[in-house]
Amino acid sequence: MANNNRLGELLVREKLISLTQLRHAQDEQQKSGNNLGYTLAKLGYVSDDEITSFLSQQYRVPTINLEEYEVDADVLKLVPKEPCERHRVLPVSRTGNALIVAMADPTNLNAIDDLKFLTGYNIEPVIASETSIHTAIEKYYNAGPSYDEVMAGFDETEIEFTGDEDDPTNLLELEKASEDAPVVRLVNMMLLNAIKKGASDIHIEPYEKKFRVRYRIDGVLAEEMTPPLKLKNAVISRIKIMAALDIAERRLPQDGRIKLKLGKGREMDFRVSVLPTLWGEKVVMRLLDKGNLQLDMTKLGFDGKPLEDFMWAIHQPWGMVLVTGPTGSGKTTTLYSALSDLNKIAHNISTAEDPVEYNLHGINQVQMHDEIGLNFAMALRAFLRQDPDILMVGEIRDFETAEIAVKAALTGHMVLSTLHTNDAPATISRLLNMGVEPFLITASVNLVLAQRLARKICNDCKQQVKYEKKVLEDCGFSPEQIASAKLMKGGGGSCRTCNGSGYKGRVALYEVMRFTDSLKEMVLQGASTAELKIGAIKNGMATLRMSGIRKIMDGVTTPEEIMRVTMSD
């Protein structure tokens with residue numbers, strides 16, 4: 001912003017902010033690259049409305065409320081999306097040879113000259129907050145066809161299936177219907193909307209009298225649309241064709257993959273699973289976006305001490321590091337983060353995965369195929385003949401895999417793997433129950449990490465709230481924490497960023513149990529899971545609930561969310 005320093009001085013002079021607040025905002029601005037007004041509003045020192053009103057008075061330029069104003073499509077065509085995003089502007093209307101443009105900074109002559117050259121019109125600025133301009137650009141420039149527009153392309157009489165569904169004579173009709181333009185557009189819209197909304201899974205479900213599509217966004221399923229029931233076979237066949245599956249086979253489960261190219265070199269993979277149910281085939285698609293894969297461990301949600309312990313464990317010359325948690329808790333991302341940190345020319349790294357979710361350059365990744373006998377145990381045995389340094393096993397499911405993994409860890413290799421247990425101490429009991437001897441566990445395991453994903457409060461509708469003392473006590477807050485807590489919550493409502501949920505994005509909670517000598521001694525003496533947990537906490541382990549409380553205190557998430565994803569200690 002050209003007048004950043006000037007704006008700061010004016011706001012201080014008018015006593016709208018203090019000099020300390022200005023300095024803090026300038027520091028934050030340096031890190032984020034956003035302009036000063038936006039940063040001040042984000043930090044809560046002044047509101048968006050106060051800044052726009054102040055600039056309007058200062059430069060005698062009118063303001064506009066973009067939420068209440070509908071921009072004509074012909075006006076939007078005059079200025080492409082890229083200059084709008086670069087200059088933080090939005091064309092609003094046209095009168096004669098003048099184009100009225102909403103700007104966060106009406107003194108930005110560079111933007112005005114650029115738009116004048118681009119459009120040939122005289123530019124007349126009006127002031128709007130940067131947040132509202134950003135929201136409007138998303139609304140007008142990213143909007144694909146709506147569900148209603150897609151459905152308007154269907155003629156009710158066009159697609160009708162008669163006779164036995166399994167009758168092979170209908171296959172040609174089915175294939176033809178699945179390539180019908182409106183069906184193609186509907187499926188494309190499902191996929192693109194899921195990408196736009198940041199969904200992790202798409203569920204396409206036929207029932208007796210309903211056909212529905214749900215998206216899992218930030219770990220929670222929500223209904224997205226309900227296409228007409230008669231389209232179910234055409235839609236599911238279209239997806240099966242895209243995933244190179246057999247559209248004639250409707251009695252057995254099938255798995256496939258769809259790869260979409262989204263311009264600018266971005267690729268999106270959809271892992272497709274088709275399951276025959278009572279009323280037709282249910283399709284679940286897992287979205288795998290390599291461009292969004294976050295491999296920087298400090299950004300995943302690790303606190304200082306747990307991250308230090310984890311880094312120590314994975315950089316040992318040999319031993320085992322186990323990551324545990326339910327499906328969809330981010331275990332794969334944590335393992336990939338560790339592998340990308342270990343991925344050096346001096347290391348030979350092999351992974352056995354089911355399925356391979358992301359392709360990592362410089363790492364030998366092997367896809368499991370149980371139907372031909374290629375399971376984790378067989379892959380591990382093969383890896384040990386490949387002069388390995390670091391091995392990653394997708395999951396330890398049985399004694400055979402556990403035994404080979406432990407032996408690999410004891411013979412000079414670093415082994416990373418996952419298990420499905422509720423917390424870190426329970427992982428040791430799971431290995432014992434599989435039949436692994438206690439002395440082998442104590443000799444091989446370096447560290448166990450349990451994790452969950454909690455939704456983050458939406459930054460655009462975040463506000464401070466008060467909770468009843470009882471709620472915080474039930475969550476596990478200490479009296480000191482209750483006294484000092486300044487808790488936040490998403491307002492939701494009409495917030496477009498989070499679709500009214502109050503949450504946007506997720507943060508990981510970690511329970512990191514470093515396998516110290518005292519814990520090893522407890523395992524050899526036959527200690528229970530509960531006793532191991534008490535011992536680990538004495539050694540400084542923060543449980544998942546403790547990690548969650550820290551995130552609540554930092555204003556990242558809410559007590560309700562932490563209670564939803566963690567068990568009380």
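Two strands count as paired when DSSP finds at least two bridges between them. Keep that in mind while we walk through this structure, which is a predicted model.

Let's start right where that definition applies. In strand β8, the bridge partner of aspartate 255 is serine 273. Another facing pair involving β8 is isoleucine 258 and phenylalanine 270. Behind these lies an antiparallel pairing of β7 with β8, which covers residues 267-277, and 8 bridges hold the count for that pair. On to the next neighbour: β8 and β9 also run antiparallel, joined by 9 bridges. Here leucine 275 sits opposite lysine 282 of β9. The β8 and β9 strands make a hairpin, with 2 residues between them.

Now zoom out to the sheet that holds these strands. It's an open sheet of 6 strands, and reading across you get β6-β5-β4-β9-β8-β7, with antiparallel pairing. The edges belong to β6 (220-225) and β7 (254-261); each has a single partner strand, so one side of each is left without a neighbour in the sheet. From one strand to the next, the twist averages 25°. Helix α12, residues 232-242, packs on this sheet and touches β4 (199-206), β5 (211-217), β7, β8 and β9 (280-288). Its direction makes about 45° with that of β9. As a reminder of what keeps such strands together, sheets pair through backbone hydrogen bonds, either parallel or antiparallel.

Earlier in the numbering there's another open sheet, with 3 strands in the order β1-β2-β3 and mixed pairing. At its edges stand β1 (89-95) and β3 (122-127), each with a single partner strand, so one side of each lacks a neighbour in the sheet. Ignoring direction, neighbouring strands here are turned by 30° against each other on average. The parallel part of the mix includes β2 (residues 98-103) and β3, which pair over 6 bridges. Within that pair, isoleucine 100 stands opposite glutamate 124 of β3. Two helices pack on this sheet. Helix α7, residues 109-119, touches β1, β2 and β3, and its direction makes about 135° with that of β3. Helix α8, residues 130-141, touches β1 and β2, with its direction at about 70° to that of β1.

Next, have a look at helix α17, residues 399-410. Its 12 residues reach 16 Å from the first C-alpha to the last, close to the 16 Å expected at 1.5 Å a residue. Which residues of α17 are buried? They are Thr401, Ala402, Ile404, Ala405, Val406, Ala408 and Ala409. What do they pack against? The buried residues of α17 meet β10 (319-324), α16 (376-383), β13 (390-393), β14 (414-419), α18 (424-434) and α19 (438-444). Just past the end of α17, glycine 412 takes a positive phi of about 90°.

Helix α23, residues 529-538, makes a good companion to look at. Its buried residues are Leu532, Gly535 and Ala536. Seen down the axis of α23, these fall within an arc of 100°, so they line one face of the helix. The general geometry helps here: an α-helix has 3.6 residues a turn, so residues three or four places apart point the same way. Turned away from the buried side of α23 are the exposed residues Ala530, Ile534 and Lys538. The cover over the buried residues of α23 includes α18, β18 (503-514) and α22 (517-524). Helix α18 is also among the elements that the buried residues of α17 pack against. Just after α23 comes glycine 540, with a positive phi of about 105°.

One more spot deserves a visit: serine 484, which is in helix α21 (residues 479-484). Is serine 484 buried or partly exposed? With a relative accessible area of 48%, serine 484 is partly exposed. Its C-alpha is separated by 8.9 Å from that of methionine 553, although the two residues are 69 residues apart along the chain.

Finally, step back to the whole chain. The protein chain has 25 helices and 18 strands. Of its 569 residues, 48% are buried. Among contacts with a separation of 6 or more, 63% come from residues 24 or more positions apart. The accessible surface of the protein chain comes to about 28000 Å², and carbon and sulfur atoms account for 50% of that.

Terms used. Residues are numbered from 1 along each chain as its sequence is written. This is a predicted model: local features need pLDDT of at least 70, side-chain atom pairs count only at pLDDT 80 or more; totals for chains, interfaces and linings use all residues. Side-chain values use heavy atoms; hydrogens and water are left out. Helices (H or I, at least four residues) and strands (E, at least two) are DSSP runs, numbered from the N terminus. Axes are lines fitted to C-alpha atoms, for helices over the stretch in contact, and angles run from 0 to 180 degrees between N-to-C directions. Contact means heavy atoms within 4.5 Å. The expected span of a helix is 1.5 Å times one less than its number of residues. Buried means under 20% relative accessible area, exposed over 50%, partly exposed in between (1.4 Å probe, protein chains only). Accessible areas come from the Shrake-Rupley method with a 1.4 Å probe; for residues, only the protein chains shown count as cover. The arc is that of the directions from the helix axis to the C-beta atoms.
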